[in-house]
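Reader: Please take a close look at one part of this predicted model, namely a single strand with its partners and the aromatic rings around them. I would like one connected account, with the cut-offs stated.

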Amino acid sequence: MIALDRATRLVGLLLGAGLFLSPALAATSAPLQLQLHSKNPTTWQSQPQGGQAELWLDLANGDFHLSATSLQPHQHYGLICHNNQGRASRGYWLASGRSDAAGNLQLNGRWHLWQAKVWLVLADDLAGRPGDQQPDGLRRWRPQDYLFESRQLPLAALPVPR
């Protein structure tokens, strides 16, 4: 994402260290499944009592489906992906939707500009528009309200943007 500030770079370093040791997702033609979790922004440990989501991604055609639970009720969320490369970061706002009264959210769509990191964030914190294939950015950083990937998407398995 554009201009993610020092705190975000520190978060990236901390997350990157832990994710570097995680096994990479296998490059396959079968749909990939990625878990997103709420994390404690001080320790970056998953919070089991917090929000969580499953993202299913079919790399062959770009179709994705996200199913999230235990979110803040009646909040507008945005699904984003970015490459987490400091000032050179590029990020995209893929889709958005509002959680229901129980804190559940379903998002579906098609996307071909996948990046390694995938987050679910409050839409109010985003600059740009969902799905327009233009780089977008964060206006605010409130990680206590976000869901973060459990491991990065493997760049080698991602299709070349169309």
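**Aromatic pairs and strand 7**

Author: By the ring rule, the count comes to eight aromatic pairs; here rings of Phe, Tyr and Trp (its six-membered ring) pair if their centres lie within 6.5 Å, and planes under 30 degrees apart count as stacked, over 60 as edge-to-face and the rest as tilted. One of these is the tilted pair of Tyr92 and Trp111, at 5.7 Å centre to centre with 55° between the planes. Tyr92 lies in strand 5 and Trp111 in the loop between strand 6 and strand 7, so this pair ties together parts that are 19 residues apart in sequence; strands (E, at least two residues) are DSSP runs, numbered from the N terminus. The rings of Trp119 and Phe148, with centres 4.9 Å apart and planes at 75°, make an edge-to-face pair, and this pair links strand 7 to strand 10 across 29 residues.

Trp119 and Phe148 are also bridge partners, where strand 7 and strand 10 pair in the antiparallel sense over two bridges; two strands pair if DSSP finds at least two bridges between them. Strand 4 is likewise antiparallel to strand 7, joined by six bridges, with His82 opposite Lys117.

Six of the six residues of strand 7 are buried, meaning under 20% relative accessible area (1.4 Å probe, protein chains only). Trp119 has a relative accessible area of 1%, and Phe148 0%.

Residues are numbered from 1 along each chain as its sequence is written. In this predicted model local features need pLDDT of at least 70, side-chain atom pairs count only at pLDDT 80 or more, and totals for chains, interfaces and linings use all residues, while side-chain values use heavy atoms, leaving out hydrogens and water.

Technical notes: Buried < 20%, exposed > 50% of the residue type's maximum accessible area, 1.4 Å probe, protein only. Helix = DSSP H or I, 4+ residues; strand = E, 2+ residues; numbered from the N terminus.
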